[in-house]
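Please look at how the parts of this assembly meet, beginning with the boundary between the chains and then turning to the boundary inside one of them.

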Amino acid sequence: MEKFIKLSGVAAPMDMINIDTDMIIPKLHLRTIKRTGLGKVVFDELRFHTDGSEKPEFILNREPYRGANILVAGDNFGCGSSREHAPWALLDFGIRCIISTSFADIFYNNCFKNGILPITVSQEELDVLMADASNPENPVLTVDLEAMEITRPQGSTIGFRLDNFRRDCLLNGLDDIGLTLQKVDKIDAFEAAQRQQQPWLYPSAV
Amino acid sequence: MAQPQTLFDKIWQSHLVEVQDDGINLLYIDRHLLHEVLSPQAFEGLRLAGRKVRRPDATLAVADHNVPTTDRRLGIADPESRLQVETLSLNCEEFGVPIFDMLDPRQGIVHVIGPEQGFTLPGTTVVCCDSHTATHGAFGALAFGIGTSEGEHVLATQTLRTSQPKNMRVLVDDPLPPGCTGKDLILAIIGQLGTAGGTGYIIEYAGRAFRDLSMEGRMTVSNMTIEAGARAGLMEPDEKTFAYLKGRPMAPQGAQWEAAVAYWKTLKSDAGAVYDHEVRMDAANITPQVTWGTSPEDVVPITGVVPDPQDAPTEAKRTSMRRALDYMGLVPGTKMTDIPVDNVFIGSCTNSRIEDLRAAADIVRGKTVASHVEAMVSPGSTLIKQQAEAEGLDKIFIAAGFQWRESGCSMCLGMNPDRVAPGKRCASTSNRNFEGRQGRDARTHLVSPAMAAAAAITGRLTDVRELAG
């Protein structure tokens with residue numbers, strides 16, 4: 001996983017609440033066995049007509065937002081399905097950071113597995129950042145995960161919070177399966193105890 | 001005396017392998033379900049890292065999302081869908097994971113077959129790369145959807161790194177009125193909580209309204225917990241739970257069964273246990289529910305009208321409602337029962353079990369589907385399909401003009417060829433009315449199986465109580 005330390009880039013405003021995973025990546029694009037290549041169809045039905053031509057009004061079809069690395073979006077971003085294709089598609093498009101007032105739980109977790117930083121801010125802060133992103137002359141935000149702050153286009157900053165474990169994983173690009181496998185003795189011990197207490201959970205042993 | 005604990009506390013604490021200093025919990029996972037859509041990349045990850053599946057005996061895979069509901073002996077026409085289904089079989093063979101493939105007599109929707117086989121058990125932790133894993137909470141299992149990377153973590157380690165969610169209790173302690181089902185109950189709850197109301201929580205459902213439900217009805221409620229933003233629903237297991245599970249192929253047998261039931265009977269929230277949040281509702285006020293918009297929280301009684309965005313409390317909500325009305329092709333003030341439908345879908349992990357099919361058949365019996373309506377039933381599993389056929393339900397549906405299909409996720413999300421055409425309107429027993437969910441530009445109204453059946457007969461959204469009499 002690619003590290004996330006500091007990112008400076010164009011922020012695209014998506015001033016809608018409840019942007020769901022079906023919008024981010026419609027189901028027909030779930031028929032893949034790969035993680036990559038989904039950027040060209042992210043937000044497919046919002047972004048393209050059925051004939052494949054672009055919908056000019058959609059934000060990611062407009063300059064300078066075609067090259068956006070950050071999304072600023074309304075409440076409850078990523079609600080719906082557990083499809084990790086949603087963060088895979090966003091990442092493949094180039095989005096490394098999403099700022100909203102809240103995220104759906106599964107989507108939120110999925111972001112951290114893919115080097116994407118979801119930042120939760122207050123409604124007032126979101127309004128400010130939405131306005132910043134909506135100025136096509138200079139919609140550039142800088143997100144610093146070490147300092148845990150967002151720098152606005154004119155230079156003022158907004159702080160944010162994140163738990164240490166997730167922050168460390170992003171800062172270091174850690175593979176958490178490798179970390180957990182270092183604790184295999186504890187997992188073995190748990191299973192041995194559970195097998196005594198609830199042997200029916202171990203059908204092969206019954 | 002020990003601190004009173006909730007059911008959630010008991011399950012969570014009995015599955016902690018480790019609590020890290022930073023608050024992250026390493027949670028043991030007892031049961032892992034897989035389907036073909038969200039698992040290929042997890043297996044690929046294992047392969048690239050040279051890792052194995054730690055407990056194939058605690059893992060079960062099934063093909064459900066992409067499978068055709070027409071004659072399966074003909075195979076899958078779409079090459080991408082076919083590759084995904086074949087990849088699941090190959091991965092399961094390589095890693096030694098049990099699988100019900102498309103032609104297996106035990107095949108079905110992953111959240112239907114888990115309980116049906118007795119793979120889902122009270123007091124366990126259950127995960128699946130699928131948000132409707134919440135379904136299994138009906139059995140007193142802590143069950144929640146995860147992403148594919150988390151699924152890979154469970155395959156390799158049988159654990160999850162996670163932080164402890166908050167705990168909400170939804171108490172509905174009076175009986176549901178006639179004509180109302182588990183579907184109406186959960187839609188009303190989502191309408192009250194909102195789609196983000198449960199974010200960060202698991203929800204324990206308590207009270208008579210839930211106890212009165214069959215296991216099928218409880219699964220419907222727990223299934224849609226995710227539509228209120230909460231990853232898991234949870235209900236105390238009781239005699240109905242045990243009766244449902246007894247004798248199932250993967251449930252404990254003999255002396256093991258007795259020991260298991262003795263343990264399961266301890267899985268109750270203690271008197272005085274504390275929740276982070278409590279919500280109380282009266283079932284008596286619930287009428288059959290129907291959605292009007294593009295979020296499951298956009299719900300009204302069937303006796304109501306399409307709401308007016310002007311009445312919404314915030315500008316964000318007004319904007320969202322206007323967008324939803326535009327997508328749905330609806331005008332504020334329209335009576336819900338004046339809205340015609342083009343399609344009716346009875347199926348999905350929410351409402352495709354035998355009780356659902358019986359309820360729909362009761363409405364359909366001796367009647368005919370409206371001439372402009374295309375209606376179909378996709379039972380939740382091949383075994384349910386067989387049971388329904390043994391009861392003659394298939395004949396009732398077919399005689400009325402329904403299509404009687406094989407089991408799978410089908411038109412709930414249209415990954416297979418079962419889709420609602422652009423601009424068409426569907427009364428559906430599924431769980432999501434998102435834009436594009438049942439097909440590009442398709443319009444979905446979520447309802448109970450009986451309400452869907454009633455809409456098929458009249459050709460418009462209908463109060464089932466008018467037909468049921």
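In this predicted model, the contact between the two chains draws 61 residues from chain B and 49 residues from chain A. On the side of chain B that touches chain A, the elements giving two or more residues include both helices and strands: the strands are E1 (16–19), E2 (25–28) and E8 (159–162) of chain B, while the helices are H2 (40–49), H3 (79–95), H5 (148–157), H10 (254–264) and H11 (315–328) of chain B. Of these, H5(B) gives the most, contributing seven residues to the side of chain B that touches chain A. When the residues of that side are divided by class, 27 are polar, 20 are nonpolar and 14 are charged.

A further contact is found within chain B itself, for which the domain assignment gives domain 1, spanning 7–277, and domain 2, spanning 289–468. The C-alpha centres of these two domains of chain B lie 24 Å apart, and the contact between them takes 39 residues from domain 1 of chain B and 35 residues from domain 2 of chain B.

Which helices supply at least two residues each of the side of domain 1 of chain B that touches domain 2 of chain B? They are helix H4 (110–116), helix H6 (182–193) and helix H8 (215–223) of chain B, and the largest share of that side, six residues, comes from H6(B). By class, the side of domain 1 of chain B that touches domain 2 of chain B comprises 19 polar, 12 nonpolar and eight charged residues.

Definitions and conventions
Residues are numbered from 1 along each chain as its sequence is written. Chains are lettered from A and ligands numbered from 1 in the order in which they are written. This is a predicted model: local features need pLDDT of at least 70, side-chain atom pairs count only at pLDDT 80 or more; totals for chains, interfaces and linings use all residues. Domain bounds come from an automatic or database domain assignment. Two residues are in contact if their C-beta atoms, placed from the backbone, lie within 7 Å. Helices (H or I, at least four residues) and strands (E, at least two) are DSSP runs, numbered from the N terminus. Ala, Val, Leu, Ile, Met, Phe, Trp, Tyr, Cys and Pro count as nonpolar, Asp, Glu, Lys and Arg as charged, and the others, Gly among them, as polar.
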